[in-house]
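Work through these short exercises with the structure open beside you. Try each task before reading its solution.

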Amino acid sequence: MPSHLALLSCLLVLVLSLDKFLLHYLKRRWHSGGSIIPRFPATTSPFSFRSQPRHMAAVAGRWSETAMLVIDMQKDFVDPAMASPMLVAGGEAVVPAVAEAVAVARERGIFVVWVVREHDPSGRDVELFRRHLYSGGKGPTVKGLKGAELADGLVIKKGDYKLVKTRFSAFFATHLDSVLKTLGIKNLVIVGVQTPNCIRQTVFDAVELDYEKVTVLIDATAAARPDIHLSNIRDMKTIGVETPTLEEWRR
């Protein structure tokens, strides 16, 4: 019995000593400005060490609501070697800028839509004023022929979307608006050829369809001549379209 009392006395002394030590330690931490509660960086939480700052999340959200329309960047439109009657004189020069714009779009998670013309060999789905160009199963951007292929260096990748049109506007008699609205797309960025025809018609339709922000990259789009290109860019600016350079847009 005495031995039990001695053991209990020793344990009591040990607990009191430990309590004094902890109290002394906490006082020192308090007066030195320390904290006994683990602190986490402002941009993280104890439950998510990779959470993003609010502005980064907002930017990511904006890009997820944006689509890039790459219009008519096909060999018959931009490759002089094809000797196509549909060649856009300024088209070849913007191929690198278009490729770079697409690369930036993919990095940002922007939905990339390749808008192309593919016509029946008979030309029966072409505008009336162009049907004389189709005979013997040949003509500009006939489906399956080389002229309908994308320009060298441009590739449709997994996650991209291909849309075939047979008129100037990418929205005319296509399901483009339905696809974009289904994905929650509110903003459009447009590159390609050519400014007074397919670019302009698509842009005006996009504005009429109430897309919140329509952007045309002025050095990743082209026309037959610089003056034609710039005059159409001015027209699009008057209806609220943004017209930055590729470098300005990628900042």
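The exercises below go from model confidence to the sheet, then to single residues and helices.

**Exercise 1. Confidence**

Task: Find the mean pLDDT of the protein, and say what the model has for residues 29-51.

Solution: Start with the kind of model: this one is predicted. Its mean pLDDT is 86. Of its residues, 76% reach 70 or more. Now turn to residues 29-51, where pLDDT stays under 50. For this stretch the model has 11 contacts beyond four places in sequence.

**Exercise 2. The sheet**

Task: Give the order of the strands in the open sheet and name the edge strands.

Solution: Count the strands first: 5 of them form the open sheet. Their order is 3-2-1-4-5, and the pairing is parallel. Next, look for strands that pair on one side only: these are strand 3 (161-165) and strand 5, the edge strands. Last, check the turn between neighbours. Neighbouring strands are turned by 20 degrees against each other on average, direction ignored.

**Exercise 3. Strand 1 and its partners**

Task: State how many bridges join strand 1 to strand 2, and over how many it pairs with strand 4.

Solution: Take strand 2 first. It runs parallel to strand 1, and 5 bridges join the two. Met68 stands opposite Val112 in strand 2. Now take the pairing of strand 1 (residues 66-71) with strand 4 (residues 187-193). It is parallel too, over 6 bridges. Thr66 stands opposite Asn187 in strand 4. Leu69 stands opposite Ile190 in strand 4.

Then check burial. In strand 1, 6 of its 6 residues are buried. Thr66, Met68 and Val70 point one way from the strand. Ala67, Leu69 and Ile71 point the other way.

**Exercise 4. Val115**

Task: Decide whether Val115 is buried or exposed, and list what it touches.

Solution: Locate Val115 in strand 2 (residues 111-117). Read its relative accessible area: 0%. Buried means under 20%, so Val115 is buried. Now leave out residues up to four places away in sequence. Val115 then touches Leu69, Val70, Ile71, Asp72, Leu163, Lys165 and Ala170. Compare sequence with space for one of these contacts. Val115 and Ile71 are 44 residues apart in sequence, and their C-alpha atoms are 4.8 Å apart.

**Exercise 5. Helix 6**

Task: Name the buried residues of helix 6 and the elements that cover them.

Solution: The buried residues are Thr195, Cys198, Ile199, Thr202, Val203 and Ala206. Their cover includes strand 1, strand 3, strand 4, strand 5 and helix 7. Then consider direction: helix 6 runs at about 170 degrees to strand 4. Finally, step just past the helix. There Asp210 takes a positive phi of about 70 degrees.

**Exercise 6. Helix 7**

Task: Test the span of helix 7 against 1.5 Å a residue, then place its buried residues around the axis.

Solution: Helix 7 (residues 226-237) has 12 residues, so at 1.5 Å a residue it should span 16 Å. Its end C-alpha atoms are 16 Å apart, which agrees. The buried residues are His229, Asn232, Ile233 and Met236. They cover an arc of only 105 degrees around the axis, so they lie on the same side of helix 7. The general rule helps here. An α-helix has 3.6 residues a turn, so residues three or four places apart point the same way. What covers the buried residues of helix 7 includes helix 6 (195-208) and strand 5 (213-222).

Key. Residues are numbered from 1 along each chain as its sequence is written. This is a predicted model: local features need pLDDT of at least 70, side-chain atom pairs count only at pLDDT 80 or more; totals for chains, interfaces and linings use all residues. Side-chain values use heavy atoms; hydrogens and water are left out. Helices (H or I, at least four residues) and strands (E, at least two) are DSSP runs, numbered from the N terminus. Buried means under 20% relative accessible area, exposed over 50%, partly exposed in between (1.4 Å probe, protein chains only). Contact means heavy atoms within 4.5 Å. The expected span of a helix is 1.5 Å times one less than its number of residues. The arc is that of the directions from the helix axis to the C-beta atoms. Two strands pair if DSSP finds at least two bridges between them. Axes are lines fitted to C-alpha atoms, for helices over the stretch in contact, and angles run from 0 to 180 degrees between N-to-C directions. pLDDT is the predictor's confidence in each residue, from 0 to 100.
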